[in-house]
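Please look through the sequence and the model shown below before reading on. This report goes from the chain as a whole to single residues and the contacts they make.

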Amino acid sequence: MKNIRSITLEKYSPPVYESIDDHIYRNTEDNTYVTALSLELEDDEDSQYPLEDLLDRFNLYISGFINPEVIESQYLNLEFAGDPEDIREFLKSVVGKRVYNMEVEGQDGKTYVKLLIE
């Protein structure tokens with residue numbers, strides 16, 4: 001994934017949402033915390049990986065697909081939810097970066113997939 005950037009959705013407005021930090025919002029109705037990102041999948045990626053690995057690393061989940069009709073395209077707009085500290089670390093780690101999986105050989109001789117953020 002590349003060209004990762006924060007986006008602000010129209011729905012992130014009072015009284016339902018309140019801004020708690022730069023691009024982090026609290027849903028006042030169900031007390032969940034969310035952020036939204038736009039990203040571009042690279043030629044050899046699908047919409048599952050490395051996205052699934054990012055969700056695991058930062059303890060987040062996808063709470064919404066923005067423009068779900070383009071899920072099969074290489075451009076995705078997604079809403080992520082989780083603990084505000086996890087979201088903060090997630091944004092700091094991935095916005096403006098390239099995220100991808102790479103196969104590496106472990107000391108045991110087995111091949112593993114490693115998530116890289118650069």
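The paragraphs below describe the overall build, then one buried threonine, then the salt bridges, a helix and some backbone angles.

**The chain as a whole**

The model is predicted, and the secondary structure of its protein chain comes to two helices and eight strands. Read from the N terminus, these elements follow one another in the order β-β-β-β-α-β-β-α-β-β. Along the principal axes, the C-alpha atoms fill a box of roughly 55 × 30 × 20 Å. The protein chain has 118 residues, of which 37% count as buried, and its accessible surface comes to about 7,200 Å², with 45% of that area belonging to carbon and sulfur atoms. Among the contacts with a separation of 6 or more, 58% are made by residues 24 or more positions apart. The chain carries 11 positive and 26 negative charges, and the mean positions of these two groups are 5 Å apart.

**A buried threonine in strand 4**

Thr35 is a useful residue with which to begin the closer view. It is found in strand 4, which covers residues 32-40. Thr35 counts as buried because its relative accessible area is 0%, and the cut-off for that class is under 20%. Which residues is Thr35 in contact with, leaving aside its neighbours within four places in sequence? They are Tyr12, His23, Leu78, Glu79, Phe80, Ile87 and Leu91. With one of these residues there is a polar approach, since a polar atom of the side chain of Thr35 lies 2.5 Å from the backbone oxygen of His23.

His23 itself has its place in the loop between strand 2 and strand 3. With a relative accessibility of 22%, His23 counts as partly exposed, whereas Thr35 is buried.

**Salt bridges**

The structure holds seven salt bridges, and the table gives three of them, with the distance between N and O atoms and the accessibility of each partner.

| Salt bridge | N to O distance | Relative accessibility of the partners |
|---|---|---|
| Glu79 and Lys11 | 3.3 Å | Glu79 5%, Lys11 40% |
| Glu18 and Arg26 | 2.7 Å | Glu18 35%, Arg26 19% |
| Glu89 and Lys92 | 3.5 Å | Glu89 37%, Lys92 58% |

Glu79, which is also one of the residues in contact with Thr35, forms its salt bridge with Lys11. This pair links distant parts of the chain, as Glu79 lies in strand 6 (residues 75-81) and Lys11 in the loop between strand 1 and strand 2, 68 residues apart. Glu79 is buried, while Lys11 is partly exposed. In the pair of Glu18 and Arg26, Glu18 is partly exposed and Arg26 is buried.

The third pair is local, for Glu89 and Lys92 both lie in helix 2 (residues 84-94), three residues apart, which is about one turn of the helix. Salt bridges that share partners also join Asp21, Glu85 and Arg88 into one network.

**Helix 2 and its ends**

The buried residues of helix 2 are Pro84, Ile87, Phe90, Leu91, Ser93 and Val94, and among them Ile87 and Leu91 are in contact with Thr35. At the N-terminal end, Asp83 caps helix 2, with a side-chain oxygen 2.9 Å from the backbone nitrogen of Glu85. After helix 2 comes Gly96, whose phi is positive, near 80°.

Leu76 lies in strand 6 and counts as buried, at 4% relative accessibility. How many residues apart in sequence are Leu76 and Ile87? They are 11 residues apart in sequence, and their C-alpha atoms are 18 Å apart in space.

**Backbone angles to look for**

Most residues other than glycine have a negative phi, and most peptide bonds are trans. Against that background, His23 has a positive phi, near 70°, and Asn31 also has a positive phi, near 55°. Asn31 has its place in the loop between strand 3 and strand 4, where it is partly exposed, with a relative accessible area of 47%. A cis peptide bond joins Pro14 and Pro15, with omega about 5°, and Pro15 has its place in the loop between strand 1 and strand 2.

How values were computed:
Residues are numbered from 1 along each chain as its sequence is written. Side-chain values use heavy atoms; hydrogens and water are left out. Helices (H or I, at least four residues) and strands (E, at least two) are DSSP runs, numbered from the N terminus. Buried means under 20% relative accessible area, exposed over 50%, partly exposed in between (1.4 Å probe, protein chains only). A polar contact is a pair of N or O atoms within 3.5 Å; within protein, one must be able to donate a hydrogen and the other to accept it, and residues adjacent in sequence count only if both atoms are side-chain atoms. Contact means heavy atoms within 4.5 Å. A salt bridge is a side-chain nitrogen of Lys or Arg within 4 Å of a carboxyl oxygen of Asp or Glu. Accessible areas come from the Shrake-Rupley method with a 1.4 Å probe; for residues, only the protein chains shown count as cover. Lys and Arg count as positive and Asp and Glu as negative; His and the chain ends are not counted. The place of a charge is taken as NZ of Lys, CZ of Arg, CG of Asp or CD of Glu.
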